[in-house]
Amino acid sequence: MTPVDAQLLADLQLWYAREARLLDERRYDLWLEMVDVGVRYQVPTRYLTAQGDVGDFGAWTVERELTQAADVFLIDDDYAGIRTRIERLQSGMAWAEMPPSITRRIVGNVEPGEVREDGGIEVFSALMAFKSRGPRERSFLTAQRRDLLGRSDGGFRLRRRTVIIDDTVLMGENLSIIL
Amino acid sequence: MNACVDLIERSVAPDASWIRPDIFADEALYGLEQERIFGRCWLLLGHESQLPEPGSFFRTHMGEEPILVTRTLEGEVRAFLNLCRHRGAQLCHEDRGVAKSFNCRYHGWAYACDGKLLAAPGEKQLYYGELDKEEWGLVRVARVESYKGLVFGNFDPDAEPLADYLGNMAWYLDILLDRRAGGTELLGVQRWRIPANWKVVAENHVGDEYHVGFTHGSQLPRPIESRAAPIPMAREIRPELGHGIGVDVIPEDISPGERGGFDEEVNEYLRSIAGEMKERLGEMRPRLFPIHGLVFPTLGMIPILNSIRVIHPIGPGEVELWSYCMVDRDAPQKVKDILVQRSIAAFGPAGAFEQDDSANWTGVTRNTVGHQARKHRLNLSMGLGHEGEVPGLPGEVGLTASDINQRGFYLRWVREMTGESA
């Protein structure tokens with residue numbers, strides 16, 4: 001096991017806390033500054049499927065459950081797609097978010113992964129996202145985030161995010177918030 | 001039963017120019033729908049492309065019934081209630097896959113892909129060899145038929161053939177399903193729950209061009225006053241009672257690609273298949289651009305964005321929407337990728353259009369359950385008495401936005417609900 005870089009872990013935890021706060025506060029202008037223009041933001045569909053052979057420990061994977069080649073994602077955005085999503089939220093006619101949902105994102109289990117040659121770092125984390133539109137419209141989901149963060153100006157920028165929702169059927173009417 | 005019929009007659013005008021939301025909220029009507037709508041109509045199970053090899057299977061629903069669809073080792077598509085004949089346990093628990101047989105996890109009864117009971121543990125010692133395996137195969141969906149790749153099921157053994165059920169709607173479906181020799185394939189599926197009555201969702205698919213200008217305001221040029229012309233409204237067409245489609249007739253001087261606002265790669269693809277389309281569909285249909293539609297009761301379509309969906313009811317107040325992307329099977333991968341990306345950016349749970357649709361469907365359903373709200377009439381009168389015909393287009397036509405298709409949907413619903421039991 002590689003030794004923990006305590007400073008890196010602290011920096012990442014702070015970055016994720018700030019990111020969650022900016023999204024919950026709907027400060028999309030500041031949040032976008034945390035996102036690389038080359039970003040890919042994907043939310044796969046997920047299926048209940050058979051796993052590997054009996055006793056083949058390594059083959060019983062989450063990957064088998066996710067969007068395959070001839071398949072679709074729930075979200076597959078590039079930077080322009082994300083910008084369009086935010087512009088829509090603030091168009092004054094995005095009724096699913098008018099008035100805006102009250103949200104809380106809690107990010108934990110922050111686990112640095114591989115550091116790439118260009119300084120990019122893979123980070124796994126767990127997300128709990130709560131959304132309320134009043135007492136009759138509340139939804140809650142949990143997910144894994146698999147991120148690739150690039151380094152810039154001494155900080156991090158989101159270069160890739162895959163959000164693996166812990167459900168096969170999405171509950172809660174729609175996916176109107178950024179995960 | 002009579003109470004249901006009374007309620008139906010009180011709640012839908014004879015010409016369906018109004019309805020009362022009782023028909024969304026009433027529990028007894030919902031129960032009757034399971035018998036008379038979902039027990040007798042042709043329902044989409046999926047697409048042949050989802051069963052690529054012998055043993056391929058997927059799970060779905062017909063109404064509230066759990067369904068297992070398989071391709072047998074002989075290559076035939078079959079559908080069954082997804083339950084073991086022994087004690088009723090759920091047989092298949094995976095959403096999709098390939099299997100040689102299905103073993104019940106409760107006591108181990110095993111079934112072949114064609115539904116035959118292969119074996120039951122202890123057949124000789126415990127059942128004394130007296131278990132009639134022919135009799136205890138899986139319960140088959142009485143009828144399974146395909147239309148150009150789309151696979152439908154019907155619980156009613158006496159149902160009319162699928163082609164008759166589709167009627168003139170097939171002429172329009174061919175624009176999507178039969179424009180290329182290789183046909184289509186379904187990709188996906190996105191699945192999500194919406195707390196809305198299934199008819200609220202269905203009526204929005206069958207017709208309702210009208211909502212586009214407001215519900216989808218976030219996706220249209222702003223401000224509204226600055227739009228040079230009214231939003232172009234598709235012709236609403238009622239090919240048969242209950243089915244409906246909204247179709248743009250593309251003028252001669254613009255290409256289908258320009259009408260769709262596609263990327264250049266897609267336009268180039270559309271140009272490359274123009275000859276084939278004309279050969280297969282004739283002169284007129286390649287110039288028809290289907291926008292939205294519904295095959296009664298629950299097969300919704302947004303062809304302009306390559307979405308096909310099934311509205312699965314889950315009680316009177318909830319649906320599970322299953323949305324697939326449908327593309328030409330022989331289109332280049334790059335074109336498929338672009339079309340899929342466009343589709344999910346607009347439709348599906350995170351789509352810029354459908355998020356707002358789902359908010360409206362939820363609002364209608366939630367706000368009409370009250371004793372007061374559910375007894376007041378809601379208006380479906382747009383274009384009543386102004387239906388027409390367009391030479392060459394089968395069916396009745398609303399010449400612009402019109403509630404013609406929603407009226408057809410509810411008239412069909414009344415017919416099915418008050419008809420004699422099969």
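In this predicted model, Pro297(B) lies in the loop that connects β15 (288-295) with β16 (299-302) of chain B. The peptide bond leading into this proline from Phe296(B) is cis, with omega near 0 degrees. Chain A offers a second cis bond, which joins Met98(A) and Pro99(A) with an omega of about -5 degrees. Pro99(A) belongs to the loop between α3 and β3 (102-115) of chain A.

Other loops carry backbone angles of interest. The loop between β16 and β17 (307-313) of chain B contains Asn306(B), a residue that is not a glycine and yet has a positive phi of about 60 degrees. Asn306(B) counts as buried because 23 other C-beta atoms lie within 10 Å. In chain A, Arg26(A) is likewise a residue other than glycine with a positive phi, near 60 degrees, and its place is the loop between α1 (6-24) and α2 (28-32) of chain A. Arg26(A) has 16 C-beta neighbours inside 10 Å and is therefore classed as partly exposed.

The division of chain B into domains comes next. The domain assignment gives domain 1 (43-146) and domain 2 (167-418) of this chain. Their centres, taken over C-alpha atoms, are separated by 34 Å. Where the two domains of chain B touch, 9 residues of domain 1 and 9 residues of domain 2 take part. On the domain 1 side, strand β2 (residues 43-47) of chain B supplies the largest share, with 4 residues.

One residue of that strand range, Leu45(B), can be followed further. Beyond its neighbours within four places in sequence, Leu45(B) is in contact with Thr60(B), Ile67(B), Val69(B), Ala79(B), Val151(B), Phe152(B) and Gly153(B). Leu45(B) and Phe152(B) are also among the residues with the most contacts inside the largest nonpolar core, which has 122 residues. Others in that group are Leu74(A), Ile75(A), Leu43(B), Val201(B) and Cys325(B). Strand β18 (residues 319-328) of chain B contributes the largest share of this core, 7 residues. At least three residues come from each of domain 1 and domain 2 of chain B. Apart from this core lies another, of 6 residues, including Leu23(A), Trp31(A), Ala129(A) and Ile178(A). In soluble globular proteins, nonpolar side chains tend to be buried together.

The chains themselves also meet: 28 residues of chain A are in contact with 34 residues of chain B. On the chain A side, the elements that give two or more residues are β2 (73-78) and α3 (79-89). Of the elements on this side, β2(A) gives the most, with 4 residues.

Strand β2 of chain A appears again around helix α11 (residues 333-346) of chain B. What covers the buried residues of α11(B) includes β2 of chain A together with β12, α9 (264-272), β17 and β18 of chain B. The buried residues of this helix are Val335(B), Lys336(B), Leu339(B), Val340(B), Arg342(B), Ser343(B), Ile344(B) and Ala346(B). The 14 residues of α11(B) should span 20 Å at 1.5 Å a residue, and the end C-alpha atoms are indeed 20 Å apart. Just after α11(B), Gly348(B) takes a positive phi of about 95 degrees.

Helix α12 (residues 354-367) of chain B also has 14 residues, and its reach of 20 Å from first to last C-alpha is close to the 20 Å expected. Its buried residues are Glu354(B), Gln355(B), Asp356(B), Asp357(B), Ser358(B), Ala359(B), Trp361(B), Thr362(B) and Thr365(B). The elements that cover them include α2 (22-25), β12 (184-194), α6 (198-206) and α7 (212-215) of chain B.

A small set of strands in chain B completes the account. Here 3 strands form an open, antiparallel sheet in the order β7-β8-β9. β7 (101-103) and β9 (117-119) of chain B each have a single partner strand and stand at the edges, so one side of each is left without a neighbour in the sheet. Ignoring direction, neighbouring strands of this sheet are turned by 35 degrees against each other on average. β7(B) and strand β8 (residues 110-112) of chain B run antiparallel and are joined by 3 bridges. Within β8(B), Ala110(B) stands opposite Asn103(B).

Definitions and conventions. Residues numbered from 1 in each chain as written. Chains lettered and ligands numbered in written order. Predicted model: local features only at pLDDT ≥ 70, side-chain atom pairs only at ≥ 80, totals over all residues. Expected span 1.5 Å × (residues − 1). Buried ≥ 20, exposed ≤ 12 C-beta atoms within 10 Å, placed from the backbone. Contact = placed C-beta atoms within 7 Å. Core = buried A, V, L, I, M, F, W, Y, C linked by C-beta atoms within 7 Å. Domains from an automatic or database assignment. Pairing = 2+ DSSP bridges. Axes fitted to C-alpha atoms, helices over the stretch in contact; angles between N-to-C directions.
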